[in-house]
Amino acid sequence: MRRTPNHGSAGFTLVELLVAIMILTLLMTASMGAVRIASKSWAAGQQRADATEQMRAIADFLRRQFSQMPALTVGEGDDERLAFVGAGEGVMFVTSAPQFSQGPGLMTYVLRGESVDGEMLLTLRSASFDPGNEDFVLPDRNERIVLAEDLDTIEFRYYGAPTEDDIVEWLDAWPEDAEFYPRAIYVRTSGEDEHRGWPDFVFELRSGGAS
């Protein structure tokens with residue numbers, strides 16, 4: 001008996017091919033979107049990790065510099081005062097030059113908030129300390145490092161007793177006629193969102209308090 005060929009099952013129709021191509025296109029688009037999302041998430045995570053590592057390195061550097069502060073005075077006679085200025089917007093102090101500077105001696109540092117083009121920055125300025133200068137000011141020629149940017153607020157506070165007659169407490173500013181260095185410095189920053197600011201830091205001073 002002769003069989004006739006079944007032409008209906010010989011292949012796919014044009015509609016079936018179009019549907020298959022459409023499904024394949026949707027799958028590829030979804031896959032590429034997932035890859036892009038994963039790539040962006042990895043890049044954002046890496047950026048946050050780098051920022052955290054940088055913040056830790058800066059905090060460790062500041063902690064070492066504050067802990068090495070010697071008890072210094074500037075000026076003579078009635079004009080003699082501590083080589084230290086503590087205000088709500090920043091602090092100026094003298095400490096040992098870092099090892100990587102390849103230079104012995106002391107450095108004057110200013111850690112403070114600066115407004116540049118409407119943007120609040122946390123900066124660190126430094127210059128060689130001149131013991132012969134009766135005015136405790138940072139020289140015009142100094143180096144500046146931007147530690148953090150896009151900040152809303154930068155707050156400094158100081159813990160200790162400026163004189164023997166004072167009680168030990170947190171102060172918004174350290175008096176210019178203080179007899180002693182503070183025992184600790186509190187630094188707080190905040191940004192537009194919770195990820196912009198640093199965590200709060202408390203730096204202890206070896207030279208702080210009454211001797």
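User: So exposed means over 50% relative accessible area, buried under 20%, and partly exposed in between (1.4 Å probe, protein chains only). Buried or exposed: which is Glu-176?

Analyst: Glu-176 is exposed, because its relative accessible area is 61%. This is a predicted model, where local features need pLDDT of at least 70, side-chain atom pairs count only at pLDDT 80 or more, and totals for chains, interfaces and linings use all residues. Residues are numbered from 1 along each chain as its sequence is written, and side-chain values use heavy atoms, leaving out hydrogens and water.

User: Where is Glu-176 found?

Analyst: Glu-176 sits in the loop between β8 (169-171) and β9 (184-191) (strands are DSSP E runs of at least two residues, helices H or I runs of at least four).

User: New topic: how many aromatic pairs are there?

Analyst: A search of the whole structure finds nine (ring centres within 6.5 Å; planes under 30 degrees apart are stacked, over 60 edge-to-face, the rest tilted). Take Phe-61 and Tyr-109: their centres are 6.3 Å apart and their planes at 75 degrees, so that pair is edge-to-face. Phe-61 lies in helix α1 and Tyr-109 in strand β5 (residues 106-116), so the pair ties together parts 48 residues apart in sequence.

User: Buried or exposed, those two, Phe-61 and Tyr-109?

Analyst: Both Phe-61 and Tyr-109 are buried. Phe-201 and Phe-203 make a stacked pair, 5.7 Å centre to centre with 25 degrees between the planes. Phe-201 counts as buried because its relative accessibility is 9%, and Phe-203 does too, at 1%.

User: Which residues do the ring pairs link into a cluster?

Analyst: Phe-61, Phe-66, Phe-93, Tyr-109, Phe-201 and Phe-203.

Notes: Phe/Tyr/Trp six-rings, centres within 6.5 Å; stacked < 30°, edge-to-face > 60°.
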